[in-house]
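Dear colleague,

Please find below the structure that I am handing over to you, together with its sequence. My notes on what was found in it follow directly after.

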Amino acid sequence: MRTRELLNLENTGHQGINALFAKAHSADWDIERDVDWSLSVDSEEPLVEYEWGAFGRTPTFQALPEHAKNYVTRRGLGRMLNILQVGESVAQDVCAKIALSVRQEDYRNHAVAQAMDEARHHLAYRRFLDKMNEQPEDIDFGTEMMFDDLLSQTDPLRLIATEQFFLESLAMNLFESIQKHARNPLLRTIITLITRDESRHMGFGVLYIAEWMKTHSLDAQIDFARQWLGQILMIVTDRPGPLMLSRMTQRLQEIGVDYDAAQMLHEQQSINAAEIADMKSGQKVPHLLKSARRAGLLKPEILEAVGIADHPIVKAAIREPVTEALGA
Ligand SMILES: [Fe+2]
Ligand SMILES: [Fe+2]
């Protein structure tokens, strides 16, 4: 990069993206002033409702002794927060790379503002994990591989599609679930503040991809959509199964509690089926599908070409008008 290349940076003039940069300041928060770090995190305290965890709504789980439910739920939350704290550092790296590789002034501005948000999120999760005062379980191989792949990318479209469009839309549902079930006031505060920022980041991803789609041929749009829609449909229908059950077994073994694993899995399967039915009826449309729709990936000609025009979850996602504002 040379000074000459920075001398007359072009702004795309995109109102939405320029507005998100302004909001990064007006909706900013201060990690010291806006969070009461004197609040304690008791080791006996269930930090989230038991229903938050995988299998937490099954009668078999609910019948476990209180100390076992607490232990399993805290281990699950600790594991999730540990993935989130490293995910924030990955996002910070991705934003730094975007800022150095895109030439448009408004895109660069958004990337650097987001990098600061991610640094703050990382710090908030780390501090909360420190207060929990227990060694979190290691992150799983699949997540680590996904983050490694993202960190090795250099193309801005690939970086933005993976981080802001895909991962942040996916994470929005995780945040909303923790926020809804949080019992600990400190956890609820930090998740609420972080979710507000993440909604802007996801907004940038959607607007950037929407612009990219508008300026590329239908064939290129179809190629792009094909890459992402398969993953999106796979992840939105992913529900607790045998892999998650093995974590449950391990955690309960750690504290010497026996349980009927087959029965718990069986009970979870009917909960899973009910959740999938809610998506098919359009009662619950995941953020990933809302983002895909807003970015233009669910246009009829694309769905036809990709061969998912009759997919019930896709049909439900395009039925209702999208009303919420991006990054509000
Ligand atoms: Fe973040
Ligand atoms: Fe983010």
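I begin with one surface position: Asn272 counts as partly exposed, because it has 16 C-beta neighbours inside 10 Å. This residue sits in helix H11, which covers residues 261-280. Leaving aside residues up to four places away in sequence, Asn272 touches Arg239 and Pro240. Asp34, by contrast, is 238 residues away from Asn272 in sequence and 37 Å away in space, C-alpha to C-alpha.

Helix H11 also holds Ala262. Ala262 has 10 C-beta neighbours inside 10 Å and therefore counts as exposed. Between the C-alpha atoms of Ala262 and Met213 the separation is 46 Å, for 49 residues along the chain.

Please note that the model is a predicted one. The pLDDT of the protein chain averages 95, and 98% of the residues score at least 70. Confidence is lowest in helix H1 (residues 3-7), where the mean is 92, and highest in helix H3 (residues 59-62), where it is 98.

Overall architecture

The protein chain contains 14 helices and zero strands. Its radius of gyration is 21 Å, close to the 20 Å that the globule rule gives for 328 residues, so the chain is as compact as a globular protein of that length. Taken along the principal axes, the box filled by the C-alpha atoms is roughly 65 × 50 × 35 Å. Of the 328 residues, 35% are buried. Among contacts with a separation of 6 or more, 82% are between residues 24 or more positions apart.

Nonpolar cores

In soluble globular proteins, nonpolar side chains tend to be buried together. Here the largest nonpolar core has 44 residues, and those with the most contacts inside it are Trp228, Ala292 and Leu297. Helix H7 (residues 156-181) gives the most to this core, contributing eight residues. Apart from it lies another core, of 20 residues, which includes Tyr50, Ile83, Ala124 and Leu193. As for Ala292, its contacts beyond four places in sequence are Trp228, Leu229, Ile232, Leu297 and Leu298.

Helix H9

Which residues of H9 are buried? They are Gln221, Phe224, Ala225, Trp228, Leu229, Ile232 and Val236. These buried residues pack against H7, helix H8 (185-214), H11, helix H12 (287-294), helix H13 (300-306) and helix H14 (312-319). H9 itself covers residues 218-236, and its 19 residues should span 27 Å at 1.5 Å a residue; the end C-alpha atoms are 26 Å apart, which agrees. There is nevertheless a bend of about 25 degrees in H9, at Arg226.

Helix H5 and the residue after it

Helix H5 (residues 105-132) has 28 residues. From its first C-alpha to its last, H5 reaches 41 Å, close to the 40 Å expected at 1.5 Å a residue. The residue that follows H5 is Asn133, and it lies in the loop between H5 and helix H6 (141-151). Although Asn133 is not a glycine, its phi is positive, at about 55 degrees. Is Asn133 buried or exposed? It is exposed, because 8 other C-beta atoms lie within 10 Å.

A second positive phi

Phe55 is a residue other than glycine whose phi is positive, near 75 degrees. It is found in the loop between helix H2 (15-26) and H3. Phe55 counts as buried because it has 24 C-beta neighbours inside 10 Å, whereas Asn133 is exposed.

A position in helix H10

Gln250 belongs to helix H10 (residues 242-254). With 12 other C-beta atoms within 10 Å, and the limit for an exposed residue being 12 or fewer, Gln250 is exposed. The C-alpha atoms of Gln250 and Asn184 are separated by 25 Å, and the two residues are 66 apart along the chain.

Should you wish to start with a single region, the buried residues of H9 offer a way in: Trp228 is one of them, and Trp228 is also among the residues with the most contacts inside the largest nonpolar core.

With kind regards

Definitions and conventions:
Residues are numbered from 1 along each chain as its sequence is written. Chains are lettered from A and ligands numbered from 1 in the order in which they are written. This is a predicted model: local features need pLDDT of at least 70, side-chain atom pairs count only at pLDDT 80 or more; totals for chains, interfaces and linings use all residues. A nonpolar core is a set of buried Ala, Val, Leu, Ile, Met, Phe, Trp, Tyr and Cys residues joined through C-beta atoms within 7 Å. Helices (H or I, at least four residues) and strands (E, at least two) are DSSP runs, numbered from the N terminus. Two residues are in contact if their C-beta atoms, placed from the backbone, lie within 7 Å. The radius of gyration is taken over C-alpha atoms; the globule rule is 2.2 Å times the number of residues to the power 0.38. The expected span of a helix is 1.5 Å times one less than its number of residues. The bend at a residue is the angle between axes fitted to the seven residues ending there and the seven starting there. pLDDT is the predictor's confidence in each residue, from 0 to 100.
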